[in-house]
Amino acid sequence: MARTAISHAPRGAAGKPPLAPTAQVLDVARATWRDAFRRIRAETEKRAAPLSAEDQIVQSMADASPTKWHRAHVTWFFEQFLLVPNDPAYRIFDERFPFLFNSYYVAAGPRHARPQRGLITRPNGEDVAGYRAHVDAAVERLIEQVPVADAARVFAILEIGLHHEQQHQELLITDILHAFAQNPTDPVYDTKWQMPRATQGPRGFVDVPSGIHSIGHDGEGFCFDNETPRHDELIPQVRIARHLVSNAEWLAFIDAGGYATPSLWLSDGWAAAQAEGWDAPGYWRRQDGAWHTMTLAGLKPVDPGAPVTHISYYEADAFARFAGKHLPSEAEWEVAARAGVIADAFGIAWQWTRSAYLPYPGYRAAEGALGEYNGKFMVSQMVLRGSSLATPEGHARVSYRNFFYPPARWQFSGLRLAEFI
Ligand SMILES: [Fe+2]
């Protein structure tokens with residue numbers, strides 16, 4: 001979680017943050033946080049706006065959540081962690097909601113089963129809109145009225161809540177795409193949506209600066225606790241691909257029998273591929289003799305020049321073996337990104353690394369329920385770095401550690417390769 005000062009300006013705010021919580025500084029902080037709160041809450045609604053009430057109820061698999069649930073859950077987060085502990089006058093909007101909209105915070109009380117979120121037709125969308133408005137007004141009141149002595153602590157929780165909401169903004173998009181991909185009519189989320197263009201130019205590998213490097217958050221701006229402590233890592237002599245792996249390269253893997261060659265696969269990966277019948281990335285399907293893929297603009301022909309997305313860790317690992325290469329470690333990725341030697345580090349596809357999601361040396365989760373945010377997931381998952389086309393503006397950073405289970409394919413997940421010298 002963030003350990004932040006009263007003056008810790010949200011990402012995108014200009015200028016050096018002031019240091020002392022004077023009245024004047026507090027006024028600036030209140031205005032800054034209010035604007036950030038409004039902007040980020042509005043982005044959630046903007047992303048939900050193209051979706052009908054029916055769209056917003058559906059849960060297409062246990063890993064995905066309904067849009068309506070996302071909109072309510074991020075609201076519950078502010079109610080539970082910001083308002084209830086810090087505003088004695090705050091009244092819970094609906095006593096039944098914490099059970100429905102708590103995700104995984106055991107310390108915050110019992111909760112509804114995740115795979116059954118799609119069964120909750122009531123509260124309806126209007127009720128959730130009312131919940132959001134109620135909490136929005138209360139949060140804005142708290143921002144305006146929090147006493148100076150409490151401001152730093154309150155704004156730190158607010159800041160986590162905003163970054164949390166941005167994480168769900170990305171999930172809202174990936175979850176509805178998964179739902180639409182189950183629909184034979186190939187629904188369109190946004191007719192104008194286009195895959196971001198990958199950087200052009202010579203492909204190939206570039207040196208990652210070897211030796212001992214510090215990785216992890218450098219202390220400037222917000223970070224989640226899993227990005228700390230900053231620590232040293234030994235980077236071997238390794239080169240990293242300047243570009244993301246493209247659909248054309250993935251088609252070569254398919255055409256060479258990559259999905260039918262067990263020696264390319266981890267044992268668990270081969271088992272998953274067989275059990276799930278994988279023969280191409282998620283959302284790909286052959287139609288009229290050509291590969292198509294489900295996108296936010298509906299079903300489209302696969303663009304050979306675009307980076308591949310919707311692949312699992314298992315597929316990324318098999319592809320790297322097929323190519324005679326490796327996946328970079330997360331430390332190699334971070335050092336390369338900090339050195340500015342890789343293209344499209346951000347904004348198109350999260351990139352699987354070969355690093356297991358583990359605590360950095362000396363990591364300690366925060367006390368209390370918010371300590372459940374990251375630390376308890378540090379087993380059996382793999383780290384992805386960068387960000388994707390669905391990541392909200394201003395949410396990504398070079399030390400950011402995303403993590404998913406190896407079979408997960410519904411995120412905009414891709415890869416870049418590495419080779420040892
Ligand atoms: Fe959450």
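## Strand β8 and its partners

Two strands are said to pair if DSSP finds at least two bridges between them, and this predicted model offers a clear case in strand β8, which spans residues 350-356. Two bridges join β8 to strand β11 (residues 413-414), and these two strands run parallel; within β11, Gly414 is the bridge partner of Gln351.

A second partner of β8 is strand β9, made up of residues 382-385, which is joined to β8 by three bridges and runs antiparallel to it. Here Gln351 appears again, since in β9 the residue standing opposite Gln351 is Arg385. Strand β8 is mostly covered, with five of its seven residues buried.

## The iron site

The iron ion has three protein donors, namely the NE2 atoms of His73, His164 and His168, which lie 2.1 to 2.2 Å from the ion. Along the chain, the donors follow the spacing H-x90-H-x3-H. The pair His73 and His164 links distant parts of the chain, 91 residues apart, with His73 in helix α2 (residues 67-86) and His164 in helix α5 (residues 148-181).

Are His73 and His164 buried or exposed? Because a residue counts as buried when its relative accessible area is under 20%, His73 is buried at 1% relative accessibility, and His164, at 3% relative accessibility, is buried as well.

## The largest pocket

The largest pocket has a volume of about 780 Å³, and its lining is formed by 35 residues, among which Tyr104, Arg114, Leu171, Phe403 and Phe404 lie nearest the centre of the pocket. The elements that contribute two or more residues to this lining are α2, α5 and β10 (402-404), and α5 gives the most, with seven residues.

In chemical character, the lining of the largest pocket divides into 14 nonpolar residues, 14 polar residues and seven charged residues.

## A three-stranded sheet

Elsewhere in the description comes an open sheet of three strands, in the order β1-β4-β12, whose pairing is antiparallel. Its edge strands are β1 (205-208) and β12 (418-420), each of which pairs on one side only, and neighbouring strands of this sheet are turned by 30° against each other on average, when direction is ignored.

Strand β4, covering residues 238-241, pairs with β12 in the antiparallel sense over three bridges. At the level of single residues, Ile240 has Ala418 in β12 as its bridge partner.

Key
Residues are numbered from 1 along each chain as its sequence is written. This is a predicted model: local features need pLDDT of at least 70, side-chain atom pairs count only at pLDDT 80 or more; totals for chains, interfaces and linings use all residues. Side-chain values use heavy atoms; hydrogens and water are left out. Buried means under 20% relative accessible area, exposed over 50%, partly exposed in between (1.4 Å probe, protein chains only). Helices (H or I, at least four residues) and strands (E, at least two) are DSSP runs, numbered from the N terminus. Donors are N, O and S atoms within 2.8 Å of the metal (3.2 Å for Na, K and Ca); water is not among the atoms, so sites may look incomplete. On a 1 Å grid over the protein atoms alone, a cavity is a set of points where a 1.4 Å probe fits but cannot get out, and a pocket is an open set with protein on both sides within 12 Å along at least five of seven lines; lining residues have an atom within 4 Å of a point. Grid points are joined across faces, edges and corners, and a volume is the space filled by probe spheres set on the points. Ala, Val, Leu, Ile, Met, Phe, Trp, Tyr, Cys and Pro count as nonpolar, Asp, Glu, Lys and Arg as charged, and the others, Gly among them, as polar. Axes are lines fitted to C-alpha atoms, for helices over the stretch in contact, and angles run from 0 to 180 degrees between N-to-C directions.
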